[in-house]
Amino acid sequence: MTGSTRNRSSRTAADGGRSWWRVCLDAAVVAVGVVILVWGTVVLAHPTLTCRGVEMGPGDVCHKSSYTSLRTDTVQSYEQRRRAVAQSRPTVIALGAVVTVFGAGMLTRRLRRPEPPAPKQ
């Protein structure tokens, strides 16, 4: 048995089979879910609507672009853009909630996992 294999197995036995990086990844998934949830709740409640980087206001219109042209005949009004953001808000909030619950479940499962028996020597 080489020294690196012995160290790896003793490290795994010492932390109960839980790798610290896996716990960190699960915590990161929870954090990303919370960020999405907050973004959907707070930021999308009062969005700043823009058309190619220029802020739009009530009564403004924006020519939509396509893959082949920067400007098309299709026009979208400020009100239509605001309605589209309002319609996407519940989806963003639900996605944030699902990601948060999934990450929390993975983190809880990983931290509650019973420690395996110590290897016999």
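**Briefing: helices, a buried ion pair and a nonpolar patch**

Trp39 is partly exposed, with a relative accessible area of 43%. This value comes from a predicted model. The protein has 3 helices and 4 strands. Buried residues make up 18% of its 121 residues.

**Overall layout**
- Starting at the N terminus, the elements follow the order α-α-β-β-β-β-α.
- Two helices come up repeatedly below: H2, which covers residues 20–41, and H3, which covers residues 78–112.

**How H2 and H3 meet**
- The axes of H2 and H3 come within 7 Å.
- They cross at roughly 160°.
- That angle makes H2 roughly antiparallel to H3, because angles over 145 degrees count as roughly antiparallel.
- The crossing of H2 past H3 is left-handed.

**The salt bridge**
- The count of salt bridges comes to 1.
- Asp26 and Arg110 form a salt bridge.
- Their closest N and O atoms are 2.7 Å apart, so the pair meets the cut-off of 4 Å.
- Asp26 lies in helix H2 and Arg110 in helix H3, so the pair ties together parts that are 84 residues apart in sequence.
- In general, side chains of opposite charge can pair when their charged atoms come close.
- Asp26 has a relative accessible area of 8%, so the residue is buried.
- Arg110 is buried too, at 12%. Both values fall below the 20% cut-off for buried residues.

**The nonpolar patch**
- Val34, Val38, Trp39, Val42 and Val43 make a nonpolar surface patch.
- The area of this patch is about 430 Å².
- Trp39 is placed in helix H2.
- Why can Trp39 belong to a patch while being only partly exposed? Patch residues need over 30% relative accessible area, and Trp39 has 43%.
- H2 therefore holds Trp39 of the patch as well as Asp26 of the salt bridge.

**The loop at Arg52**
- Arg52 sits in the loop between strand E1 (50–51) and strand E2 (54–55).
- The phi of Arg52 is near 55°.
- This is a positive value in a residue other than glycine.
- Most residues other than glycine have a negative phi.

**Points to locate in the structure**
- Find the place where the axes of H2 and H3 come within 7 Å.
- Then find Asp26 and Arg110, whose closest N and O atoms are 2.7 Å apart.
- Next, look for the patch residues, including Trp39 and Val42.
- Finish at Arg52, in the loop between E1 and E2.

Conventions: Residues numbered from 1 in each chain as written. Predicted model: local features only at pLDDT ≥ 70, side-chain atom pairs only at ≥ 80, totals over all residues. Heavy atoms only, no water. Patch = residues over 30% accessible without salt bridge, like charges linked within 9 Å, V, L, I, M, F, W, Y side chains within 5 Å. Areas by Shrake-Rupley, 256 points an atom, 1.4 Å probe, with all protein chains shown as cover. Salt bridge = Lys/Arg side-chain N within 4 Å of Asp/Glu carboxyl O. Buried < 20%, exposed > 50% of the residue type's maximum accessible area, 1.4 Å probe, protein only. Axes fitted to C-alpha atoms, helices over the stretch in contact; angles between N-to-C directions. Parallel < 35°, antiparallel > 145°, perpendicular 65-115°, else oblique. Left-handed = near helix turned anticlockwise from the far one by under 90°.
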